[in-house]
Amino acid sequence: MSIFEQLTQLQKGAEEKIAAAVSKEELEGLWTQFLGRKGGELTAILRSVKGLDPQERPLVGKVANEVKGAIEGLIAKRQELLYQANLEKRLSSEQLDVTLPGRWQEPGRAHILSQTLGRIKEIFKGLGYSVMAGPEIETDYYNFEALNIPANHPSREMWDSFFLRPGLLMRSHTSPNQVRVMERQDPPVRVVCPGKCYRRDAVDATHFWEFHQVEGLLVDERVTFADLKGTLELFAKAMFGERRRTRFNPSYFPFTEPSAEVMVDCFVCEGKGCRVCKNSGWIEIMGAGMVHPRVLQGVGYDSERYSGFAFGMGVERIAMLTYAIDDIRLFYEDDLRFLRQF
Ligand code: PHE
């Protein structure tokens, strides 16, 4: 076979294979197979040029170049064709309707009780109070005794408690923290203690066996009931609005003397009377009072020199009043339809 016939045959073979190639990689392989500098078929044929008649050489070179050009052209063309076909295919299969609304990613949020607690804490932090926490399992001593509530005292009925064993219970209020804080530090004391409390109450729209309280305690020299009133009035305005007014009704707690029930004028009806305030125009928001001297003495404070006030509020109650929520159980049912509203 003459060298020209070999070249023609090479070109024909290449044409067939290129036409059958279906990928870029395959085409690259064919280029190497036919035109590769080292093991390529064209190179192999041209190697034999050396043994040729010198007069034939320029012609062979020329034809070889034409063959090379033709093969390269075919590869490029096929490549372009495959690319277009592939693009076509992707465009039709990956069609995307950019006018469709995106998929909504719902961000999480703090539970409404956490939000309410957060606001309460911020207000008191702004007044220079620090925030502390105590244990949810308490001893009889901290929950009752040290708060001037001796065993068999009738006032224990105010806190129907879950006992784990005699002397140990799920705390029924956050007031034990008053004692815990004072045992650890000397006056002045200025602290709020938020936390969960537990009571063996019958469950209804306003009672649940677990709930949250925020305890407040301030002890220093010359602290008076006026300081308590001023502080809680400021809190009520910050929490429920500048226009709010507060009222202190006499009440009873064994660990405060005198004791008060703190009322705020109804922010739903502006005091006119409605369902939330049960037509009284006033809403009770917490219990408070001047720390009983016996409680101060119990932690070794000089009750002649120091006086203080304490208050305790229910976080659920505050949230229910703020957002007109009429059932405490909603906070604990994890119903997203309820929780998403806040
Ligand atoms: N611990 C009381 C309660 O649970 C509230 C309170 C706290 C009252 C501090 C006075 C002072 O009802």
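The following exercises, each with a worked solution, concern the pockets, two helices and the unusual backbone positions of one predicted model.

Residues are numbered from 1 along each chain as its sequence is written. Because the model is predicted, local features need pLDDT of at least 70 and side-chain atom pairs count only at pLDDT 80 or more, while totals for chains, interfaces and linings use all residues; side-chain values use heavy atoms, without hydrogens and water.

**Exercise 1. State the volume of the largest pocket and describe its lining.**

Step 1. A pocket is an open set of points on a 1 Å grid over the protein atoms alone, where a 1.4 Å probe fits, with protein on both sides within 12 Å along at least five of seven lines; lining residues have an atom within 4 Å of a point. Points are joined across faces, edges and corners, and the volume is the space filled by probe spheres set on them. The largest pocket has a volume of about 1,300 Å³.

Step 2. It is lined by 48 residues, of which Thr206, His207, Glu284, Gly314 and Arg317 are the closest to its centre.

Step 3. Helices (H or I, at least four residues) and strands (E, at least two) are DSSP runs, numbered from the N terminus. Two or more lining residues come from each of β6, β7, β8, β9, β10 and α10, and β9 gives the largest share, 8 residues.

Step 4. The lining comprises 25 nonpolar, 13 polar and 10 charged residues. Here Ala, Val, Leu, Ile, Met, Phe, Trp, Tyr, Cys and Pro count as nonpolar, Asp, Glu, Lys and Arg as charged, and the others, Gly among them, as polar.

**Exercise 2. Determine which helix gives the largest share of the lining of the second largest pocket, and describe that helix.**

Step 1. The second largest pocket has a volume of about 190 Å³, and its lining includes Val22, Gln79 and Arg90. Helix α4 (residues 57-93) supplies 6 residues, the largest share.

Step 2. The 37 residues of α4 reach 53 Å from the first C-alpha to the last, close to the 54 Å expected at 1.5 Å a residue; the expected span is 1.5 Å times one less than the number of residues.

Step 3. Buried means under 20% relative accessible area, exposed over 50%, and partly exposed in between (1.4 Å probe, protein chains only). The buried residues of α4 are Val60, Ala64, Val67, Ile71, Ile75, Arg78 and Leu82. They pack against α1, α2 and α3, contact being heavy atoms within 4.5 Å.

**Exercise 3. Establish where the buried residues of α5 lie around the helix axis.**

Step 1. In α5, Ile112, Leu113, Thr116, Leu117, Ile120, Ile123 and Phe124 are buried.

Step 2. These residues cover an arc of only 135° around the axis, and therefore lie on the same side of α5. The arc is that of the directions from the helix axis to the C-beta atoms.

Step 3. Their cover includes β5, β6, α8, β10, α10 and α11.

**Exercise 4. Locate the cis peptide bonds at Pro188 and Pro258, and the positive phi values of Arg222 and Asp334.**

Step 1. Most residues other than glycine have a negative phi, and most peptide bonds are trans.

Step 2. The bond from Pro187 to Pro188 is cis, with omega near 0°, and Pro188 sits in the loop between α7 and β5. The bond joining Glu257 and Pro258 is also cis, with omega about -5°, and Pro258 belongs to strand β8.

Step 3. Arg222 has a phi near 55° and lies in the loop between β6 and α8; its relative accessible area is 69%, so Arg222 is exposed. Asp334 has a phi near 55°, in the loop between α10 and α11; with 56%, Asp334 is exposed.
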